[in-house]
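Trainee: I'm new to this one and I'd like to learn how to read it. Could you walk me through it, feature by feature?

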Amino acid sequence: MNLSIWDVLGIAATRNVREIKRAYATQLRVTSPEDDPAGYMKLRDAYEAAKDYARHAEDTGPDEIFSIEHPDSNEESNDETNEESSDEPAPEAEVRSRPRPSPQRQAFQELDALLSEGKLDDFLVKVQTILEAQTFSTLDEQNDFIGEVAQLVLNSEIEDTEWRGRLAEVLGARERDNIFAEGSEYWYAYSELLHSYSEMKSAATIAHAQTQEDIGARPGYLHVYHVLTAPFDSERLMALTRSQTYHRLAEIIVERSRTDPAIVIPPENRDWWERTAMAGQHRPAAEPAAKNTSSSSSGFPGWMIWILGMLILNGIRMCNDASPTRTTSQEQTRLLLEAVPSARDLTPEDRLTVRRLASCDTQTRVALFSLGYKRREATDTSGTANTGSPRAQFHLDENDPAVASLLAKCKPPP
Amino acid sequence: MLVGIDLGTTNSLIGTFVDDKPQLIKNAYGEVLTPSVVGVDDSGALLVGAPARERLISHPQLTAASFKRYMGTNQEFELGNQRFRAEELSAMVLKSLKQDAEAFLGAPVSEAIITVPAYFNDTQRKATIAAGKLAGLHVERLLNEPTAAALAHGIANRSAESTFLVFDLGGGTFDVSIVELFDGIIEVHASSGDNFLGGDDFRDQLVKVFLGENAEALQIDPLKPPRALLERTMRQAELVKRALGSSPTATMRVNWEEKETSWELSAADFEKHCEQLLTRLARPIQQALRDARMRSNELDEIVLVGGATRMPMVRKLVTKLFGRFPAVDINPDEAIALGAAVQSALKARNAALNDVVMTDVCPYSMGVEVSRQIGEKKFEDGIYSPILERNSHIPISRVERYHTLADKQTQIHLPIYQGENPLVKNNILLGELKVTVPKKPAFEESVDVRFTYDLNGLLEVEVTVVSTGKKERLVIEGNPGVLSREEINRRFEALAQLKQHPRDELVNKQVLARAERIYEESLGDLRDLITNNLVQFRAVVARQDRKEIAHAREQLENFLNEIERTR
């Protein structure tokens, strides 16, 4: 039985969100998660699909998923940078813009000036000052500020990874934690900063471990050092206090940080560590028998436990028959979007590809994605290429004639 | 009879749905809040709640508190010569609540809805169910705490249509949920949280600063204070924390080794010392908003829940972050328990609630560990492949397909993780499975892994070998934080053997414990005076005349009140 989402909801196709909600509410009383889990899952999918349908109808411009500014269109993005303060409210600016001549406006002008003069260190200091002065106090304002800075830096094409990593740090970035929803306007710019941040962090961790000749090479050292020096994460810190090996290493690192200025533990982490230690909450337990998943140490022949994390692209998704609006190309777009931030070493060429993709129209883009995936699937099944999770890598081979003809519709590389 | 229980880090409550509304049940001491503190007294009998909390000061070695933080771990707490896991201590609190409810309802209580922090993981949830079993309660449903609060708030404003954020800062955990209310439907859209952030941390921060600044006077190592001093300071810090809620300054006085150390603190100082904690509050809010794809100004209301939201600095921060004042119409201590009571009525299909439906989400992603080939005979393992995405509506069921990576591979090993990091080492291991597959060349054998997440927030995994169609419903095992069924039965028996005081004696125990605590906190002549009163009261109790005891108890309480008032 293959019901359409509208059959499940019990209404005719509509873009009226209120009507969809009402239908959902009515159906929910009959198929509640409590009494009919399977029915509820179907209803839920139909409801989400219907809301998607209604939402897409509302979109007026090109799809919002890929609203990355092309580096060439600086003019436009500068406008956006200043929209905070512009006197005529831009459509999405009504939320943040304030009628008074704002300190926010001044902040952006100064930042912009520093960047165009190439005063990079001053730029970092300025960003820090602005954050500390709480010029942007509500969550929305803070987010917009961070997003705008990320966008500004993306557009200025500064390739200095170290500097961008430091900027991310100043902005309070956390590794692999994009504060913007996938597809929102700052998502890409911010994820670019996150890459630089991760690179900076791991380079620093490795460099540091080499200076600690006595314990730097011990198992777990890199991890413990990384958790202690990374932005606060209670789950991971707590995990350190519950393992004897980790706890011992962490105590040494915390102790050394008191005398060694090269070991910088964020005050949040130090504070937490000392407070929980004082309160008697560090209770390291002996580790259970090594639960190592790597074959080399598990005692099993390697081939027995290796598995391949291959997610078959058209893999079975429960109830996807109930969501006809999610087309394969949308699915692929989603996967690509996931692929970009998780590739650990995004090369400059990759970045370029993504920027070029951002400059072409939706149809071309989707066609390029599909092509990219087809090519990759082909290499996957032959088992020779660099395979893995589809979220990991996405390459467009410009020598491929089909790819080249599509790429020609995009703007040329700057 | 089905009841709703809020099993908190600091306090626990029990409620039920009567006369078409949720109602909280008072304990033997006439309070709805039962401190989540467990101890044994000098005769080896169990003490739960208020008397145990008093004894944290006088008998720290015989008392345990804040054990909720250790749910789902193998940690054991020492009470005298006995050792207990967090589940067992929680079970003792649950048992005490159950007795209160039975006394109130006049009927046996065998089923309960228990609330857990939304951000509790699979292991912690299983531990909570085990605690219920140990207390002789069948856990009908685990309910996320902010969802419970949303239920209480939603039922009270049933006709409204709104989207609100529940900001739940309890004693030990912090949760944020974004909830939409329309047509009698209460829908959670996104939840996020921090399992290690609560009112206790603000208190401990005060303790830390106090001990640091007075280390010389006290002659201690501020990072390793003696347990008795720590407990004493914690109590004083708690009092100061509360006092600073209404007055601009407060003085902390700690007696240690016959000397009083006093320390004056202003509300502004307190806030400055807690700056690091306050910053941590913003992140879960940000995450929840991002996952719900909302800006904070689209929220109609901010609902504050949990005792720690009474702190002015927390309210101030919320006001700043959202650019407006939070709602004030609910009691932050009681909202969760009231919501649990509402859920018990929903579950029992109470006619008063027949138009209400609530839906919830799972706040974190879950998946398996995979390896990928990165070259000729070269593999990279430790990669996380999520199957269920965070903030999916529950119940939910999803399938992904994985295949073999080596020729003649006979087994597929599936470690199961929870978390958001692309590398499994940064996520939480929930357990692991092994599946046997036919010997074939690499890539030719595959398995479908189905994850089903139920309304309790518990995960079930089903694996199907694609080539043979062989299905295996596998139980996740080998997680050290989860008790096995046999172990639960064994411990259930052991707990039942523990000596307990008859209910009508508890009030006396509590007053005695309080007197002992005040004795510990006092000096010199006052101590003698307290001792005299104690001896007298004990003598009265020994005579077993109810009326006389009640009278003497009242006198002793007045005396103690007087001491605390003038201090």
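Mentor: Let's begin with a pair of strands: strand E12 (residues 162-169) of chain B and strand E13 (residues 174-182) of chain B run antiparallel and are joined by 8 bridges. B:Ser162, for example, has B:Leu181 in E13(B) as its bridge partner.

Trainee: Before we go on, what kind of model is this, and how are things numbered?

Mentor: This is a predicted model, where local features need pLDDT of at least 70, side-chain atom pairs count only at pLDDT 80 or more, and totals for chains, interfaces and linings use all residues. Residues are numbered from 1 along each chain as its sequence is written, chains are lettered from A and ligands numbered from 1 in the order in which they are written, and side-chain values use heavy atoms, with hydrogens and water left out.

Trainee: And what counts as a strand, or as a pair?

Mentor: Helices (H or I, at least four residues) and strands (E, at least two) are DSSP runs, numbered from the N terminus. Two strands pair if DSSP finds at least two bridges between them.

Trainee: Which sheet do E12 and E13 of chain B belong to, and in what order do its strands come?

Mentor: Theirs is an open sheet of 6 strands in chain B, in the order E17-E12-E13-E14-E18-E21, with mixed pairing. At the edges sit strand E17 (301-305) and strand E21 (392-394) of chain B, each pairing on one side only. Ignoring direction, neighbouring strands of this sheet are turned by 30° against each other on average. For that angle, axes are lines fitted to C-alpha atoms (for helices, over the stretch in contact), and angles run from 0 to 180 degrees between N-to-C directions.

Trainee: Is B:Phe182 in that sheet buried or exposed?

Mentor: First the scale: buried means under 20% relative accessible area, exposed over 50%, and partly exposed in between (1.4 Å probe, protein chains only). B:Phe182 lies in strand E13 of chain B, and at 0% relative accessibility B:Phe182 counts as buried. Contact means heavy atoms within 4.5 Å. Leaving aside neighbours within four places in sequence, B:Phe182 is in contact with A:Lys21, A:Tyr24, A:Ala25, A:Tyr47, B:Glu161 and B:Glu187.

Trainee: How do I spot a hairpin?

Mentor: Look at strand E19 (residues 366-375) of chain B and strand E20 (residues 378-388) of chain B, which pair in the antiparallel sense over 8 bridges. E19(B) and E20(B) form a hairpin with 2 residues between them, and B:Lys377 in the turn has a positive phi of about 55°. B:Met366 stands opposite B:Leu388 in E20(B).

Trainee: What else does E19(B) join, and over how many bridges?

Mentor: E19(B) is joined by 3 bridges to strand E23 (residues 411-418) of chain B, and the two run antiparallel. There, B:Gly367 has B:Tyr417 as its bridge partner. E19(B) is mostly covered, with 8 of its 10 residues buried. In general, side chains in a regular strand alternate between the two faces of the sheet.

Trainee: Now salt bridges. How many does the structure hold?

Mentor: A salt bridge is a side-chain nitrogen of Lys or Arg within 4 Å of a carboxyl oxygen of Asp or Glu. The structure holds 67 over all chains. One of them links A:Glu34 and B:Lys347, with the closest N and O atoms 2.7 Å apart. This pair crosses between chains, from the loop between helix H2 (17-30) and helix H3 (37-58) of chain A to helix H11 (residues 335-347) of chain B. A:Glu34 is partly exposed at 30% relative accessible area, and B:Lys347 is partly exposed at 24%.

Trainee: Where would I find one inside a helix?

Mentor: Try A:Glu48 and A:Arg44, whose closest N and O atoms are 2.7 Å apart. Both lie in helix H3 of chain A, 4 residues apart, about one turn of the helix. A:Glu48 is partly exposed, with a relative accessible area of 31%, while A:Arg44 is buried at 4%.

Trainee: Finally, how does chain B look as a whole?

Mentor: Chain B has 15 helices and 27 strands, and buried residues make up 62% of its 567 residues. The C-alpha atoms of chain B fill a box of roughly 85 × 60 × 55 Å, taken along the principal axes.
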